[in-house]
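The following paragraphs guide a reader who is new to this structure from one feature to the next. The sequence and the model are shown first, and the explanation follows.

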Amino acid sequence: RCLKRLPERGRIVIFNRSYYEEVLVVRVHPKILEGQNLPEKFRSDPDIFDKRLKDIRNIEHYLTRNGTRVVKFFLNVSKEEQKKRLLARLDEPEKNWKFEVKDLDERALWDDYHKCYNKLIKATATKKAPWYVIPADNKWFMRAAVVRAILHEMESLDLAYPKVTKEEKAGFAEARN
């Protein structure tokens, strides 16, 4: 699904989660796998998630080899902070719209999700497609850390405006007229 939305070369795009859901939510909720219409031999493969992680590494390797810079962020909210934010959704009327009861079910699976996050970060962090694990309990700090990381990555790209040739400049006077 997300491969259809890959940016064309030269674009900056933010994906929210993307293909990592296949090794997070699906791993924590195996019933989802049953609904993916996979052939039985894949669905029952005990190594399916390791193979999916390898596929993700391969996709990112392909992208970086072809000029796409892949940078990933894990905004690490603590369990205590998540609890505070969920309670605020209940207690503060302007945040009520954010509350969903199913969030409590997912919260009960906190440890399972963190095991999956640890596995996926270890399996997919490379020099060409790094992960930035950002403490996110404090929103202003998290935002500053993300901006700093993005600036670091952009500076490493050695970006510059395209050069205009002498022939092109010579045509400017005619274009102006």
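I121 is buried, because its relative accessible area is 15% and a residue counts as buried under 20%. The structure under discussion is a predicted model, and I121 is a convenient place to enter it. This isoleucine belongs to helix α7, which covers residues 110-124. A second residue, W131, stands ten positions away from I121 in the sequence, and the C-alpha atoms of the two are 6.9 Å apart in space.

Another pair with a separation of ten residues is formed by Q36 and V26, whose C-alpha atoms lie 9.9 Å from each other. Q36 is situated in the loop that connects α2 and α3. With a relative accessible area of 25%, Q36 is partly exposed.

The loop that holds Q36 also contains N37, between α2 (30-34) and α3 (40-43). What is the sign of phi at N37? The angle is positive, about 55 degrees, although N37 is not a glycine. As a general background, most residues other than glycine have a negative phi. The relative accessibility of N37 is 72%, so this residue counts as exposed, the cut-off being over 50%.

A positive phi also occurs at D158, again in a residue other than glycine, with a value near 55 degrees. D158 is placed in the loop between α8 and α9 (166-176). Its relative accessibility of 66% means that D158 counts as exposed.

The next feature is a nonpolar patch on the surface. The patch is formed by I12, I150, M154, L157 and L159, and together these residues have about 460 Å² of accessible area. One of them, M154, lies in helix α8, which runs over residues 139-156. M154 is partly exposed, as its relative accessible area of 30% shows.

Attention now turns to charged side chains. In general, side chains of opposite charge can pair when their charged atoms come close. How many salt bridges does the model contain? The count comes to ten, where a salt bridge requires a side-chain nitrogen of Lys or Arg within 4 Å of a carboxyl oxygen of Asp or Glu.

One of these pairs joins R52 and E22, with a distance of 2.8 Å from N to O. R52 is part of helix α4, whereas E22 is in the segment before α1, so the salt bridge ties together parts that are 30 residues apart in sequence. Are the two partners buried or exposed? R52 counts as buried, at 15% relative accessibility, while E22 is partly exposed, with a relative accessible area of 31%.

A salt bridge within a single helix is found between E81 and R85, whose side chains meet at 2.9 Å, N to O. Both residues belong to helix α5 (residues 79-91), and because they are four residues apart there, about one helical turn separates them. E81 is buried, with a relative accessible area of 12%. R85, by contrast, is partly exposed, with a value of 23%.

The side chains of E92 and K95 also meet in a salt bridge, at 3.5 Å from N to O. E92 counts as partly exposed at 28% relative accessibility, and K95 counts as partly exposed at 27%. Beyond single pairs, E81, K84 and R85 are joined into one network by salt bridges that share partners.

The last feature is the second largest pocket, which has a volume of about 390 Å³. This pocket is lined by 16 residues, and the closest to its centre are R1, C2, S18, Y19 and E22. E22 is thus a residue already met above, as the salt-bridge partner of R52.

Which helices each supply at least two residues of this lining? They are α1 (25-28) and α4 (48-65). The largest share, four residues, comes from α4, the helix in which R52 lies. In terms of residue type, the lining divides into ten nonpolar, one polar and five charged residues.

Terms used: Residues are numbered from 1 along each chain as its sequence is written. This is a predicted model: local features need pLDDT of at least 70, side-chain atom pairs count only at pLDDT 80 or more; totals for chains, interfaces and linings use all residues. Side-chain values use heavy atoms; hydrogens and water are left out. On a 1 Å grid over the protein atoms alone, a cavity is a set of points where a 1.4 Å probe fits but cannot get out, and a pocket is an open set with protein on both sides within 12 Å along at least five of seven lines; lining residues have an atom within 4 Å of a point. Grid points are joined across faces, edges and corners, and a volume is the space filled by probe spheres set on the points. Ala, Val, Leu, Ile, Met, Phe, Trp, Tyr, Cys and Pro count as nonpolar, Asp, Glu, Lys and Arg as charged, and the others, Gly among them, as polar. Patches are made of residues with over 30% relative accessible area and no salt bridge: like charges are joined within 9 Å, nonpolar side chains (Val, Leu, Ile, Met, Phe, Trp, Tyr) within 5 Å. Accessible areas come from the Shrake-Rupley method with a 1.4 Å probe; for residues, only the protein chains shown count as cover. Buried means under 20% relative accessible area, exposed over 50%, partly exposed in between (1.4 Å probe, protein chains only).
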